[in-house]
Amino acid sequence: MELDSLRLIRNINDPELRTIDGYERGGGYRALRKAINDMEPDQVLHELEESGLRGRGGAGFAMGKKASFIPKGSMDKYIACNADESEPGTFKDRLLMQKNPHLLVEGIIIAAIAADANKTFIYIRGEYELQADILEKAVADAYARGYLGERILDSDYSIDMVVHRGAGAYICGEETALLDSLEGKRGNPRLKPPFPANQGLYQGPTLINNVETLCNVPAIIEKGAEWFKSVGTDKSSGTKLVSVSGNVRRPGNYEIPLGMRAGDIVYGLAGGPPEGRRVKCWFPGGSSAPVLLEEDLDLDYDFETMAEAGSMLGSGAIIVVDDSVPIVSLALRLAEFYRHESCGKCTPCREGTNWTVKMLERIDTGEATPADLDTMADVQTNIIGNCLCVLGDSMAMPIGSMIEKFRDEFEEHIEEARLRHGGLPLAAHGGRADLAVGSPAP
Amino acid sequence: VSHEGYPDPAARPAEGDAAPDDVGREGAMGATPQELRRGWDRSYDKEKDPAVIPDLAEVEVPATLRAEIEEHMAKYPDRRSASIPALHAAQRVHGWCSPLALRQVAAVMQVTPGYLSSVASFYDMLNEDPVGRHKVYVCTSVACHLVKAKAVYDAIASAGADLPDTEIREFECLGACDMAPMASIDGRYVGPLDPSDAPEIVAAIKEGRKPLPGRGLEDDDYRLPWGGRA
């Protein structure tokens, strides 16, 4: 995008931006003042609903609609900002929190007004120590200026904010696991319903939104829903931060209008795969998204088109895989990740991730037959939809898509490994040696 | 926080503060000895009463640690929400979530040590074993894997094999795939790394200085190799 049309990251590299003075100089907290002085909470909520802003964390649920589910009443209501960015390939929230922390703080306060919430939490992954320090400072400064605390800016709103550090668990990005973790327990997902909007944190109504979603809120309130919708597609409004990584020449965060051609992101912005390499496949929305092929780079990058193509936009993390990477190696690393991160609460996920890893290892040790691919695909089908949360699905969907789209390569790998290790007892060969990634370019 | 007067985390704990013995047979499901220590097949004594909530009057807790935990407890509607921040704090003091550390946190928070153990065992950054105070997390997750992160991990692990009081481990996605392959060294994100960076990283840890100046995400002049900002 041209610099002028950037919304979230226009001045992101200005070092002043992370101080409260610098943020205010650039118009910061103006939206909050407008929401407090010139608008009723219903109007704030209405504006968010009108904007069509969809959740940027993965599920893509309409943010305003979710906020409207919070019941009215005088009980404690909570906002949990999901800053547990752990989806492999995703690093957009890190950028926002590190370089523009007050944008998030302001977004949360406005969301709290819309949802009539009084206690807000930022659940940030424990590994983001630098970003958590920056956020803690930003929250303290916001308290000092009266943007947080009792009767903020002399209004009737009283809003508190706490930065809560996690301790390293992918599952805590799942909203109900996040709530359990925030309550000081193991991060196990909860059965839904009841949904967090009715019974969430400390049994109270809770609105959970991703960092990037909340960072879009101040501009919507300041400039209006119509302005927000002027970019993007009908059902995917606004801009999106995409994190491009993997085998590309210019990995990084890029802000794009939703609906941009995917190939323009991967080749135009990120420079495409290294010299002499081709795109073998790509994850359009983090490692949980089913892989798409090179020809799919012609598709528009928005929520609907990605879903129609059998994948998902997810967190907006594009991981590009070039043709030097054996698909079995990718599948195995992916499955190992989900096995490690499965919380163990539901059987299909706990056992399914474990067996998938074992079956992929068998392929590489020459013990597998092509029939094992069907068994493995069957395991994936039996995980999908059968767990409390989508962690199991998050492995099953990409692995299933790889088996479907690269079946020939899996079968070749099985045959090669069988011939190479044929007749040898297992211990006699090096196991995973042939899974090394990245043979030199031809 | 002063560590004076508290057990040397590098040393195996003294009697009474030791982790229970392992069962001593090959672990279930082929677990490695490392995994066994992480909780598989740990024996327990059925004759013993379950650990109750320790009395704060009977447990000596460093004043600063107690104050920090209480400060965390005050932030939440339910004191148990402070369990992760409190365990982080105790781990900073003790080097790991030792039985003594758990007992101290339990006494301040008025929960059972078992409850805290259930929490500590769930999260990757909390250790119930004395693995080392310095943390080197090398990301080998999907995006880093594509740019040969395993070679980086192997190089750092072998160069740092003799580093005292240091845990070097593979870690799942650290959220810095633009810097891939990368590592978090005591919280400092550095990258992109090459196996040839391993000696410098190890030397920096040994000498107690920041590794790879200019190549950390927190550095003002940090640039990705292609010139972009992270």
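Where is the place of A:Pro194? Select it and you land in the loop between H8 and S4 of chain A. Keep in mind as you click around that this is a predicted model.

**Stop 1: the loop between H8 and S4 of chain A**

Stay with the prolines for a moment. The peptide bond that runs from A:Pro193 to A:Pro194 is cis, with omega near 0°. Step back one residue and there is another cis bond, joining A:Lys192 and A:Pro193, with omega about -10°. A:Pro193 belongs to the loop between H8 and S4 as well.

Now move along to A:Tyr202, again in the loop between H8 and S4 of chain A. Its phi is near 45°, a positive value in a residue that isn't glycine. Next, pick A:Gln203, also found in that loop. Here phi is near 65°, positive once more in a non-glycine residue. Are these two buried or exposed? A:Tyr202 is buried, at a relative accessible area of 16%, while A:Gln203 counts as exposed, at 52%.

**Stop 2: helix H8 of chain A**

Go back to the helix that leads into the loop and select residues 175-182 of chain A, which make up H8. This helix is mostly covered, with 7 of its 8 residues buried. The buried ones are A:Thr176, A:Ala177, A:Leu178, A:Leu179, A:Asp180, A:Ser181 and A:Leu182.

What covers them? Show strands S1 (78-83), S2 (119-124), S3 (160-165) and S4 (206-210) of chain A, then add helix H3 (83-94) of chain B; the cover includes these elements from both chains. Just past the end of H8(A), look at A:Gly184, where phi is positive at about 90°.

**Stop 3: A:Val163 in strand S3**

One of those covering strands deserves a click of its own. Choose A:Val163, which sits in strand S3 of chain A. This valine is buried, with a relative accessible area of 7%. Leaving aside residues up to four places away in sequence, A:Val163 touches A:Ile122, A:Ile124, A:Ala132, A:Leu135, A:Glu136 and A:Val139, and from the other chain B:Lys75 and B:Tyr76. For a distance check, draw a line to A:Phe121: the two are 42 residues apart in sequence, yet 5.9 Å apart C-alpha to C-alpha.

**Stop 4: helix H6 of chain A**

Select residues 101-115 of chain A for H6, a 15-residue helix. From first C-alpha to last, H6(A) reaches 21 Å, close to the 21 Å expected at 1.5 Å a residue. How many of its residues are buried? The count is 15 of 15. Right after the helix comes A:Asp116, with a positive phi near 60°.

**Stop 5: a helix pair, H14 and H17**

Now bring up H14 (residues 327-341) and H17 (residues 391-405), both in chain A. Their axes come within 10 Å and cross at roughly 170°, which means H14(A) is roughly antiparallel to H17(A). On the H14(A) side, show A:Ile327, A:Leu330, A:Ala331, A:Leu334, A:Ala335, A:Tyr338 and A:Glu341. Facing these residues in the contact, H17(A) offers A:Leu391, A:Ser394, A:Met395, A:Pro398, A:Ile399 and A:Met402. Color by residue class and this contact splits into 11 nonpolar, 1 polar and 1 charged.

**Stop 6: across to chain B**

Color by chain for the interface. It takes 66 residues from chain A and 46 from chain B. The two chains bury about 4,300 Å² between them, with 59% of that on carbon and sulfur atoms. Which residues of chain A lose the most area to chain B? Pick A:Ala167, A:Arg186 and A:Arg333, which together account for 15% of what that side buries.

For a view from the other side, go to B:Asp124, in the loop between helix H5 (113-120) and strand S1 (134-139) of chain B. B:Asp124 counts as buried at 14% relative accessibility. Not counting residues up to four places away in sequence, B:Asp124 touches A:Ala167, A:Gly168, A:His340 and A:Glu341 across the interface, plus B:Tyr137, B:Arg169 and B:Phe171 in its own chain.

**Last stop: chain B as a whole**

Zoom out to chain B, with its 8 helices and 4 strands. Along the sequence they run α-α-α-α-α-β-α-α-β-β-β-α. Of the 230 residues in chain B, 52% are buried. Among contacts in chain B with a separation of 6 or more, 61% link residues 24 or more positions apart.

How values were computed: Residues are numbered from 1 along each chain as its sequence is written. Chains are lettered from A and ligands numbered from 1 in the order in which they are written. This is a predicted model: local features need pLDDT of at least 70, side-chain atom pairs count only at pLDDT 80 or more; totals for chains, interfaces and linings use all residues. Side-chain values use heavy atoms; hydrogens and water are left out. Axes are lines fitted to C-alpha atoms, for helices over the stretch in contact, and angles run from 0 to 180 degrees between N-to-C directions. Helices (H or I, at least four residues) and strands (E, at least two) are DSSP runs, numbered from the N terminus. Angles under 35 degrees count as roughly parallel, over 145 as roughly antiparallel, 65 to 115 as roughly perpendicular and the rest as oblique. Contact means heavy atoms within 4.5 Å. Ala, Val, Leu, Ile, Met, Phe, Trp, Tyr, Cys and Pro count as nonpolar, Asp, Glu, Lys and Arg as charged, and the others, Gly among them, as polar. The expected span of a helix is 1.5 Å times one less than its number of residues. Buried means under 20% relative accessible area, exposed over 50%, partly exposed in between (1.4 Å probe, protein chains only). Buried area is the accessible area (1.4 Å probe) that two parts lose on being put together, summed over both.
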